[in-house]
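Reader: Hello! I am new to this structure and would love a close look at just one part of it. Could you pick a strand and walk me through its surroundings?

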Amino acid sequence: MSQASANLNIMIKAARKAARSLVRDFGEVENLQVTSKSAGDFVSRADIKAEELIREELTEARPNYGWLAEESAEVKGEDPTRRWIVDPLDGTTNFLHGLPHWAVSIALEHRGQIVAAVVYDPLKDEMFTSEKGAGAWLNDRRIRVTNRREMIECIFGTGIPFANNPTLPVSLRQVAKVSPTCAGVRRWGSAALDLAYVAAGRYDGYWEMGLNPWDIAGGVLLVKEAGGLLEPFTEGADLMAQGGIIAANDQVFDRFKTLVREA
């Protein structure tokens with residue numbers, strides 16, 4: 001983006017640094033030592049190393065900020081109003097299976113609001129960035145959500161839980177509800193990129209349950225700044241805390257959220 005703030009530049013630098021390490025490890029994916037956290041949810045040395053690199057970079061630049069990330073304990077900063085929210089590798093399962101669809105996600109929260117976001121897909125060299133009030137960008141190009149009005153022309157992204165996740169039955173009901181009304185449902189395995197794709201007009205909307213703040217923090221601001229709408233699954237709940245999200249362009253949002261919630 002044309003006029004990035006100092007904070008956003010720090011975030012971009014950190015994302016690129018972690019990405020270089022991840023790309024090297026992705027080339028060696030067959031040889032990675034992997035430990036299992038739970039069924040279908042893997043964490044690798046690559047993931048932890050990427051988080052350490054990001055943390056180093058961000059902490060050096062802003063030692064007072066708090067920290068919330070997937071692979072480490074939460075840290076309250078000396079500045080209680082600001083914290084980094086980081087997913088060093090969103091799409092870990094894709095990564096470990098050699099599927100080239102994963103991203104680094106870094107967000108900055110100020111007084112409970114996301115004010116800057118970076119979602120970086122290094123394999124495609126796609127850097128999605130946004131700052132509050134400054135629009136959403138892909139590399140140096142401004143991005144917007146689609147303006148499709150007809151559900152039957154829309155493509156939606158979602159996540160389908162793995163293994164015996166308790167939300168699996170309702171997720172399948174949601175897919176059954178949405179699929180007949182639209183041009184397709186995609187399940188690509190990275191919430192950060194799903195939201196970035198809504199912002200960039202590649203998807204018309206996206207929904208998923210069972211998410212953590214670091215899965216969505218970066219993508220939420222991208223969608224808002226690209227002109228899209230977002231709500232938690234439960235009306236009036238806290239979007240970041242609730243763990244379920246519905247996002248779409250403003251033309252189909254009301255119909256889309258009604259379908260998803262009906263299921």
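**A strand and its surroundings**

Author: Let's start with a pair of residues: R83 has E109, in β5, as its bridge partner. Please keep in mind that this is a predicted model. That pair belongs to a longer match, since β4 (residues 82–90) and β5 are antiparallel and share 7 bridges. β5 also pairs with β6, again in the antiparallel sense and through 7 bridges. Here S105 lies opposite V119 of β6. Between β5 and β6 there is a hairpin with 2 residues separating the strands, and R111 in it has a positive phi near 50°.

Is β5 open to its surroundings or enclosed? Because 7 of its 8 residues are buried, β5 is largely enclosed by the rest of the structure.

Now for the nonpolar side of the picture. The largest nonpolar core has 37 residues, and V119 is among those touching the most other members, along with I85, F128, L195, L230 and I245. β5 (103–110) and β6 (113–121) each give two or more residues to this core, as do β8, α5, α6, α7 and β14. The largest share, 8 residues, comes from α5.

F128 is a good place to finish. Leaving out residues up to four places away in sequence, its contacts include V118, V119, W137, L193, A196 and L222. One of these, V118, sits in a second, separate core of 31 residues, which also includes A18, L96 and Y120. More broadly, nonpolar side chains tend to be buried together in soluble globular proteins.

Terms used: Residues are numbered from 1 along each chain as its sequence is written. This is a predicted model: local features need pLDDT of at least 70, side-chain atom pairs count only at pLDDT 80 or more; totals for chains, interfaces and linings use all residues. Side-chain values use heavy atoms; hydrogens and water are left out. A nonpolar core is a set of buried Ala, Val, Leu, Ile, Met, Phe, Trp, Tyr and Cys residues joined through side-chain atoms within 4.5 Å. Buried means under 20% relative accessible area, exposed over 50%, partly exposed in between (1.4 Å probe, protein chains only). Helices (H or I, at least four residues) and strands (E, at least two) are DSSP runs, numbered from the N terminus. Contact means heavy atoms within 4.5 Å. Two strands pair if DSSP finds at least two bridges between them.
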